[in-house]
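This note sets out, point by point, what may be read from the structure shown below. Please keep the sequence and the structure in view while working through the points.

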Amino acid sequence: MLTQGAVDEFIEEWGLRQISDIGAIEKIVDEVLAKNAKQVSDYRAGKEKAFNSLVGQVMKATQGKANPAQVNEILKRKLAG
């Protein structure tokens, strides 16, 4: 039978913990936005698919570990400004 401690240890050992630290996600989002100026301008010009591309870049940078809801929220906030 698995205990919570064993599950937590497994998650840490295999690097499966989700990134939910807003500061860490914001830093990665900033890096992605800086490297993808074309997608940023495309999104601001009304091309919704560019947003999905940016989300994908953030998820790739975090190896899929970032909390997707937080990624979407942070991206939308930063792209609105």
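1. The first point concerns Gln70. At 17% relative accessibility, Gln70 counts as buried, because the cut-off for that class is under 20%. The residue belongs to helix α5. Please note that the model is a predicted one.

2. Which residues does Gln70 touch, leaving out those up to four places away in sequence? They are Ile19, Ser20, Asp21, Ile22 and Ile25. Of interest here is that helix α2 covers residues 22-35, while helix α5, the helix of Gln70, covers residues 68-80.

3. The next matter is the nonpolar core. In soluble globular proteins, nonpolar side chains tend to be buried together. In this model the largest nonpolar core has 18 residues, and those that touch the most other members are Val29, Leu33, Leu54, Val58, Val71, Leu75 and Leu79. Helices α2, α3, α4 and α5 each contribute at least two residues to this core. The greatest contribution comes from α4, which gives 6 residues; this helix spans 49-61.

4. Val58 is one of the core residues that touch the most other members, and its contacts deserve a separate look. When neighbours within four places in sequence are set aside, Val58 is in contact with Ile28, Val29, Val32, Val71 and Leu75. Among these partners, Val29, Val71 and Leu75 are also listed with Val58 as core members touching the most others.

5. How many salt bridges does the structure hold? The number is 4. One of them joins Glu26 to Arg77, with 2.7 Å between the closest N and O atoms. This pair links distant parts of the chain, since Glu26 is in helix α2 and Arg77 in helix α5, 51 residues apart. Both partners are partly exposed: Glu26 has a relative accessible area of 22%, and Arg77 has one of 41%.

6. Another salt bridge is formed by Lys78 and Asp30, whose closest N and O atoms are 3.0 Å apart. Lys78 lies in helix α5 and Asp30 in helix α2, so this pair ties together parts that are 48 residues apart in sequence. Lys78 counts as partly exposed at 24% relative accessibility, and Asp30 is likewise partly exposed, with a relative accessible area of 39%.

7. A further salt bridge lies within one helix. Lys38 and Asp42 have their closest N and O atoms 3.2 Å apart. Why are these two residues separated by about one helical turn? The reason is that they are 4 residues apart in helix α3, which covers residues 37-44. Are the two partners buried or exposed? Lys38 counts as exposed at 56% relative accessibility, whereas Asp42 is buried, with a relative accessible area of 17%. In addition, salt bridges that share partners join Glu26, Glu73 and Arg77 into one network.

8. The last point concerns aromatic rings. A pair of such rings is described by the distance of the centres and the angle of the planes. The count here is 1 aromatic pair. The rings of Tyr43 and Phe51 have their centres 5.5 Å apart, and their planes stand at 40°, so the pair is tilted; the tilted class falls between the limits of 30 and 60 degrees. Phe51 is buried, with a relative accessible area of 6%.

Key
Residues are numbered from 1 along each chain as its sequence is written. This is a predicted model: local features need pLDDT of at least 70, side-chain atom pairs count only at pLDDT 80 or more; totals for chains, interfaces and linings use all residues. Side-chain values use heavy atoms; hydrogens and water are left out. A salt bridge is a side-chain nitrogen of Lys or Arg within 4 Å of a carboxyl oxygen of Asp or Glu. Buried means under 20% relative accessible area, exposed over 50%, partly exposed in between (1.4 Å probe, protein chains only). Rings of Phe, Tyr and Trp (its six-membered ring) pair if their centres lie within 6.5 Å; planes under 30 degrees apart count as stacked, over 60 as edge-to-face and the rest as tilted. A nonpolar core is a set of buried Ala, Val, Leu, Ile, Met, Phe, Trp, Tyr and Cys residues joined through side-chain atoms within 4.5 Å. Contact means heavy atoms within 4.5 Å.
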